[in-house]
Every structure is written in C-alpha cells, then in structure tokens.
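Here are my notes on the model you sent. Please read them with the structure open beside you.

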Amino acid sequence: MPSSRSLAALIGIASLGIALSACQDQASGQVVARSGVRLVETVSNPSIHGCHRFSEGVTHVNNQTQSSLLLYTTPDCTVPPGGQSTYLDIGATDQAVSTAGLWRSFSFAPE
C-alpha cells in the first residue's frame with residue numbers, strides 16, 4: 001500500500017500549505033504612493049493588521065497587493081465627521097479628489 005501512504009502524505013502537505021497561506025499576516029505586494037508625478041513611498045509586503053500612515057499626504061495610490069485597501073484622509077485610519085473612507089480593489093489605482101483632501105493613511109479591507 002505505498003500509494004495510499006503517498007496520497008495521504010500529499011493531502012497532508014497540501015492541507016498544511018492552504019492553512020499556512022490563510023494565516024498570513026502580510027499582504028504580498030506593494031502599495032505605491034505618489035504626490036502628483038513624484039514618488040512619495042513604496043510599502044512592500046505590509047502587515048494586513050492595523051493602520052499604515054503615509055509619510056506625507058499623497059494624491060495617488062496604486063494597490064499592487066493581493067488584498068483590497070481602505071484609504072483615509074486622516075493619519076490614523078479614522079473617518080472624519082461627514083467624510084468617508086475609499087475602497088481600493090486589488091490592482092487598482094485611485095486619485096484623491098481635491099474636495100476630499102490628500103490620502104494620509106490606509107488599512108486593509110476585511111475579507
């Protein structure tokens with residue numbers, strides 16, 4: 001019965017791989033922030049937990065991660081009174097609207 005042991009081992013390894021990838025604490029990829037055409041910063045493989053603050057206000061955010069983002073005009077990922085966060089899907093780019101203000105922070109959208 002060597003083939004049943006091999007199959008059982010293969011299933012066990014596959015299950016472990018799926019479980020480990022589901023428990024990742026980092027988003028694979030980059031968040032690229034610009035102010036006009038000037039690159040402000042690139043955040044590589046950021047943690048999916050908590051709030052991430054940009055070093056300065058930015059006008060464009062490119063989400064090159066495998067997770068969706070929420071963008072905020074506040075530095076602490078809070079929504080100001082009368083304001084809102086902006087959802088940025090995987091692989092998408094968003095430009096801050098002049099009336100909303102610059103993006104100052106981001107967090108990962110719950111899945």
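**Notes on the fold, the sheet and the core**

1. Valine 58 touches Ala33, Arg34, Val40, Ala96, Leu102 and Trp103, leaving aside residues up to four places away in sequence. Contact here means heavy atoms within 4.5 Å. In E8, tryptophan 103 is the bridge partner of valine 58.

2. A word on the basis. This is a predicted model, in which local features need pLDDT of at least 70 and side-chain atom pairs count only at pLDDT 80 or more, while totals for chains, interfaces and linings use all residues. Residues are numbered from 1 along each chain as its sequence is written, and side-chain values use heavy atoms, with hydrogens and water left out.

3. Overall make-up. The protein has one helix and eight strands. Read from the N terminus, the elements run α-β-β-β-β-β-β-β-β. Helices (H or I, at least four residues) and strands (E, at least two) are DSSP runs, numbered from the N terminus.

4. Burial and surface. The protein has 111 residues, and 32% of them count as buried. Buried means under 20% relative accessible area, exposed means over 50%, and partly exposed lies in between (1.4 Å probe, protein chains only). The accessible surface is about 7000 Å², with 57% belonging to carbon and sulfur atoms. These areas come from the Shrake-Rupley method with a 1.4 Å probe; for residues, only the protein chains shown count as cover.

5. Long-range contacts. Take the contacts with a separation of 6 or more: residues 24 or more positions apart account for 61% of them.

6. The four-stranded sheet. What is the strand order in the open sheet of four strands? The order is E2-E1-E4-E7, with antiparallel pairing. Two strands pair if DSSP finds at least two bridges between them. Strand E2 (38-44) and strand E7 (93-95) stand at the edges with a single partner strand each, so one side of each has no neighbour in the sheet. On average, neighbouring strands of this sheet are turned by 15 degrees against each other, direction ignored. For that angle, axes are lines fitted to C-alpha atoms, for helices over the stretch in contact, and angles run from 0 to 180 degrees between N-to-C directions.

7. Pairing around E4. Six bridges join strand E1 (residues 29-35) to strand E4 (residues 60-65) in the antiparallel sense. Alanine 33 has valine 61 as its bridge partner in E4, and valine 32 stands opposite asparagine 62. E4 is also joined to E7 by three bridges, again antiparallel. There, histidine 60 has glutamine 95 in E7 as its bridge partner.

8. Two faces of E4. In a regular strand the side chains alternate between the two faces of the sheet. Along E4, Val61, Asn63 and Thr65 point to one face and are buried. His60, Asn62 and Gln64 point to the other face and are not buried. Please note that Asn63 and Thr65 are on the buried side.

9. The core. The largest nonpolar core has 15 residues; Val31, Phe54, Val58, Val61, Leu69, Trp103 and Phe106 touch the most other members. Such a core is a set of buried Ala, Val, Leu, Ile, Met, Phe, Trp, Tyr and Cys residues joined through side-chain atoms within 4.5 Å. The elements giving two or more residues are E1, E2, E3, strand E5 (69-72) and strand E8 (103-108). E8 gives the most, with three residues.

10. E8 in its setting. Five of the six residues of E8 are buried, so E8 is largely enclosed by the rest of the structure. E8 pairs with E3 over three bridges, in the antiparallel sense. E8 pairs with E5 over four bridges, also antiparallel. In that second pairing, leucine 69 has phenylalanine 108 as its bridge partner.

11. The salt bridge. How many salt bridges does a search of the whole structure find? It finds one. Arginine 38 and glutamate 56 meet through their side chains at 2.6 Å, N to O. The definition asks for a side-chain nitrogen of Lys or Arg within 4 Å of a carboxyl oxygen of Asp or Glu. Arginine 38 lies in strand E2 and glutamate 56 in strand E3 (residues 52-58), 18 residues apart. Both count as partly exposed: arginine 38 at 43% relative accessibility, glutamate 56 at 34%.

12. A buried loop serine. Serine 67 lies in the loop between E4 and E5. Serine 67 is buried, at 11% relative accessible area. Serine 67 touches Ala27, Ile90, Phe108 and Glu111, not counting residues up to four places away in sequence.
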